[in-house]
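Biologist: Before I accept the labels attached to this model, I would like to go through the reasoning behind some of them. Could we take them one at a time?

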Amino acid sequence: MTSKELMELDQQYVMNTYGRFPVAIDHGKGATLYGPEGDKYIDFTSGIGVNSLGYGNEDWAKAIYEQALKLGHMSNLYYTEPCVKLAKTLCERSGMSCAFFGNSGAEANEGMIKLARKYSFDKYGEGRSTIITLVNSFHGRTITTLNATGQDVFHNYFFPFTEGFRYAEPENIADLIQKSDKDVCAVMLEVIQGEGGVQPLSKEYVQTVADLCKKNDWLLLIDEVQTGIGRTGSLFAFQDYGIQPDVVSFAKGIAGGLPMGGFLAAEHVRGVLSAGTHASTFGGNPMASAAALKVLETLNEDFLVKVQAKGEYMVKQFAAMGSPHIAGVRGKGLMIGLQLTGMNNAELCKNLMARGVLTLTAGQNVLRLLPPLTISLEEIDEGIEIIKGLLGN
Ligand SMILES: *Cc1c(COP(=O)(O)O)cnc(C)c1O
């Protein structure tokens, strides 16, 4: 099918909920993508932080293929090996105690919210169900996670939303204390706000929030749907903050492209969601779990050090451009945000696409880069050269 035919069919038969770019993607290898007409793109998006092992990864494809031949799906009424192994690996590498698996980031966060509310209900009874989230956060698109998201643009049309969220200014402990009351059961945050514009929280702020949570018996819920699974150069971004969350969610990169999400709970809250209180038909699906195991096997310590190094290299290249349009470079590992000035991020993103590099936008005029974690230095250089052509001096 040509790009033109494909776009026409999409317009007609797929619900137009996405403002798609006029670009079709057919296949890829490494961090390079190709359209149906052979047009080539360096990918600095990973399908929004998903394709952690890049495209055409044979080990990943084989893991899925072999599992598909053996057992493609089984209900959670029975035990299956890939799911068990995955939970064990995730817990051992994160210091958490047990895992719940679902299919997406929003579903993962919904589960964390349920856990926090039930924890509080079991211990204190009703009236203690409010969760503090941060201004400019993003937690998902369901009726509950939209309202958990601390951006007013998401609080439209779909009333009534799930109640029980209050938004505190990031980096402002006084504001968080002022917004908290006897009705609070948890604080939920991204240690680096992704959709909000690649905004890292300071160690000091996150540690103070963690202390407040302990003191008040609020659960600390960390949303690592975007930052988790190697994106920032550690398996979870919280591991660089000197904290241990009560619950941490993940999704996007976990299975390298198959739909999977979930959350990990600490020992003292592992029993909160008791049998019958939470479930997901596809959760821990054997194929998704086999893919995720391959991702985690690939993301060993050496690999993560390389992710950090590649990120630092990219940040250096952007600094060296001396571009009048780059007001700042933020982020960690391969989660990078360029704060633009005097140039619109969406326009730049479109212009870069036309020149053969895919990028993302975020927050207030930020160009966001989330390349596959396996991207080569050659691909990085090729992409950066194109960006330099539009942003450089
Ligand atoms: C993408 C994202 C979500 C939502 O994930 P979906 O899989 O689209 O539901 C939630 N939280 C954060 C931090 C995200 O980046």
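Biologist: At roughly what angle do the axes of helix α3 and helix α9 cross, and within what distance do they come?

Modeller: Bearing in mind that this is a predicted model, the axes of α3 (residues 58-70) and α9 (residues 286-298) come within 8 Å and cross at roughly 150°.

Biologist: What makes α3 and α9 roughly antiparallel?

Modeller: The cut-off for that label is an angle over 145 degrees, and the crossing is at roughly 150°; α3 and α9 are therefore called roughly antiparallel to each other. In handedness, the crossing of α3 with α9 is right-handed.

Biologist: Which residues of α3 and α9 meet?

Modeller: From α3 come Asp 59, Trp 60, Ala 63, Ile 64, Gln 67 and Ala 68, and they meet Pro 286, Met 287, Ala 290, Ala 291, Lys 294 and Val 295 of α9. By class, the residues of this contact comprise 9 nonpolar, 1 polar and 2 charged.

Biologist: How do the axes of α4 and α9 cross, and what is the handedness of that crossing?

Modeller: The axes of α4 (residues 81-94) and α9 come within 8 Å and cross at roughly 35°, and the crossing is left-handed. On the α4 side the contact involves Pro 82, Cys 83, Lys 85, Leu 86, Thr 89, Leu 90 and Arg 93, which meet Pro 286, Ser 289, Ala 290, Ala 292, Leu 293 and Leu 296 in α9. The residues of the α4 contact with α9 divide into 9 nonpolar, 2 polar and 2 charged.

Biologist: Turning to single residues, why is Gln 193 called buried?

Modeller: Buried means under 20% relative accessible area, and Gln 193 has 3% relative accessibility, so Gln 193 counts as buried. Gln 193 belongs to strand β8 (residues 192-193), and a polar atom of its side chain lies 3.2 Å from the backbone oxygen of Val 135. Not counting residues up to four places away in sequence, Gln 193 touches several residues, including Leu 134, Asn 136, Pro 170 and Met 335.

Biologist: And how do you know that Ser 249 is buried?

Modeller: The relative accessible area of Ser 249 is 0%, so by the same cut-off of under 20% Ser 249 is buried. This residue lies in strand β11 (residues 247-250).

Biologist: What makes the pairing of Ser 249 with Asn 109 a polar contact?

Modeller: The limit for such a pair of N or O atoms is 3.5 Å, and the side chains of Ser 249 and Asn 109 make their polar contact at 2.8 Å.

Note on methods:
Residues are numbered from 1 along each chain as its sequence is written. This is a predicted model: local features need pLDDT of at least 70, side-chain atom pairs count only at pLDDT 80 or more; totals for chains, interfaces and linings use all residues. Side-chain values use heavy atoms; hydrogens and water are left out. Axes are lines fitted to C-alpha atoms, for helices over the stretch in contact, and angles run from 0 to 180 degrees between N-to-C directions. Helices (H or I, at least four residues) and strands (E, at least two) are DSSP runs, numbered from the N terminus. Angles under 35 degrees count as roughly parallel, over 145 as roughly antiparallel, 65 to 115 as roughly perpendicular and the rest as oblique. A crossing is left-handed if the near helix is turned anticlockwise from the far one by less than a right angle, and right-handed if clockwise. Contact means heavy atoms within 4.5 Å. Ala, Val, Leu, Ile, Met, Phe, Trp, Tyr, Cys and Pro count as nonpolar, Asp, Glu, Lys and Arg as charged, and the others, Gly among them, as polar. Buried means under 20% relative accessible area, exposed over 50%, partly exposed in between (1.4 Å probe, protein chains only). A polar contact is a pair of N or O atoms within 3.5 Å; within protein, one must be able to donate a hydrogen and the other to accept it, and residues adjacent in sequence count only if both atoms are side-chain atoms.
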